[in-house]
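Colleague: I have just opened the file and would appreciate a guided look. Could we start at the beginning of the chain and then move inward?

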Amino acid sequence: MPEVQAVKDLDKVKLVGYLLEKTYGQQIADIWNIGLNLALRISDLLSIQFSDIQGDRLILREGKTGKLATIKLNEKARVIIERIRSERPDHVYLFQSYRNRWSFNQSPKPLSRRYVSKAISMIGEEVGLELGTHSMRKTRGYHLYKNTNDLARVMKMLRHSSEAVTLRYIGITQEDVDRDFAELEL
């Protein structure tokens with residue numbers, strides 16, 4: 001399985017969101033847009049319950065690491081979350097599966113990782129990128145790094161413990177580092 005990429009071109013970031021909405025609907029586009037803004041792993045993103053949102057913060061325990069993530073929601077994330085909450089006041093999960101409407105005796109469940117992965121991957125093929133569910137998190141990390149050149153900030157946001165892991169994760173290659181050395185003359 002090929003490694004998925006960060007989307008490094010901001011116009012392509014928007015294009016992916018647009019194509020997800022047109023092809024798979026608003027809910028999948030919302031996952032893309034919220035995922036870009038929260039930089040969570042897909043399992044944590046899909047497990048968000050409305051009760052995890054307290055004011056302007058998302059507070060949840062990450063499934064993979066067990067670390068507590070407290071994330072201040074930016075304006076774009078807040079607007080999307082509030083729209084979803086107003087459209088689906090009976091939902092427990094932010095990205096709840098609609099299939100449960102017909103299963104009266106089953107407890108609510110979030111959308112499946114497999115479905116979201118397939119949607120993002122298919123749009124990736126359409127735009128010529130290796131995309132997957134981690135692309136949202138990688139894209140956020142990449143653009144934060146490009147805007148700040150502060151690897152420590154990116155590591156903290158992604159809750160990584162190694163600079164090498166973070167650089168590889170966001171797709172900063174030796175070629176990028178070499179270009180930075182060549183272009184920056186002091």
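Modeller: Certainly; please keep in mind that this is a predicted model. At the start of helix 1, a side-chain oxygen of Asp9 comes to within 2.8 Å of the backbone nitrogen of Asp11.

Colleague: How many residues does helix 1 have, and what span does it reach?

Modeller: Helix 1 has 15 residues and reaches 21 Å from its first C-alpha to its last, close to the 21 Å expected at 1.5 Å a residue. Gly25 follows helix 1 and has a positive phi, near 105°.

Colleague: Which residues of helix 1 are buried?

Modeller: Val13, Val16, Gly17, Leu19 and Leu20 are buried in helix 1. Seen down the helix axis, these buried residues fall within an arc of 165°, so they line one face of the helix.

Colleague: And what is on the other side of helix 1, buried or exposed?

Modeller: Asp11, Lys14 and Lys22 are on that other side, and they are exposed.

Colleague: What covers the buried residues of helix 1?

Modeller: The cover includes helix 2, helix 5 and helix 6, the last of these being residues 135-148.

Colleague: Let us turn to the core. How many residues are in the largest nonpolar core?

Modeller: The largest nonpolar core has 39 residues. Those with the most contacts inside it are Leu20, Ile31, Trp32, Leu38, Leu45, Ile48 and Leu58. Several elements each supply at least two residues of this core, including helix 1, helix 3 (42-46), strand 2 (57-61) and strand 3 (68-72). The largest share, seven residues, comes from helix 2.

Colleague: What other core lies apart from it?

Modeller: Another core, of 13 residues, lies apart from it, and among its members are Tyr145, Met155, Leu158 and Ile172. As a general point, nonpolar side chains tend to be buried together in soluble globular proteins.

Colleague: New topic: the sheet. What is the order of its strands?

Modeller: It is an open sheet of three strands in the order 1-2-3, with antiparallel pairing. Strand 1 and strand 3 are the edge strands, each pairing on one side only.

Colleague: How many bridges join strand 2 to strand 3, and how many join strand 1 to strand 2?

Modeller: Five bridges join strand 2 to strand 3, and two join strand 1 to strand 2. Strand 1 and strand 2 form a hairpin with two residues between them, and Gly55 in the turn has a positive phi of about 65°. Strand 2 and strand 3 form a hairpin with six residues between them, where Gly66 in the turn has a positive phi of about 80°.

Colleague: Where do the side chains of strand 2 point?

Modeller: They alternate: Leu58 and Leu60 point to one face and are buried, whereas Arg57, Ile59 and Arg61 point to the other and are not buried.

Colleague: Which bridge partners does Leu58 have?

Modeller: Leu58 is the bridge partner of Ile53, and in strand 3 Leu58 has Ile71 as its bridge partner. Leaving aside neighbours within four places in sequence, the contacts of Leu58 include Leu38, Ile48, Ala69 and Leu73.

Colleague: Last one: is Ile53 buried or exposed?

Modeller: Ile53, found in strand 1, has a relative accessible area of 11%; the limit for buried is under 20%, so Ile53 is buried. Leaving aside neighbours within four places in sequence, Ile53 is in contact with Ile48, Leu58, Leu73, Ile81 and Arg85.

Conventions:
Residues numbered from 1 in each chain as written. Predicted model: local features only at pLDDT ≥ 70, side-chain atom pairs only at ≥ 80, totals over all residues. Heavy atoms only, no water. Core = buried A, V, L, I, M, F, W, Y, C linked by side-chain atoms within 4.5 Å. Buried < 20%, exposed > 50% of the residue type's maximum accessible area, 1.4 Å probe, protein only. Helix = DSSP H or I, 4+ residues; strand = E, 2+ residues; numbered from the N terminus. Contact = heavy atoms within 4.5 Å. Pairing = 2+ DSSP bridges. Expected span 1.5 Å × (residues − 1). Arc of directions from axis to C-beta. Polar contact = N/O pair within 3.5 Å; in protein donor to acceptor, adjacent residues only side chain to side chain.
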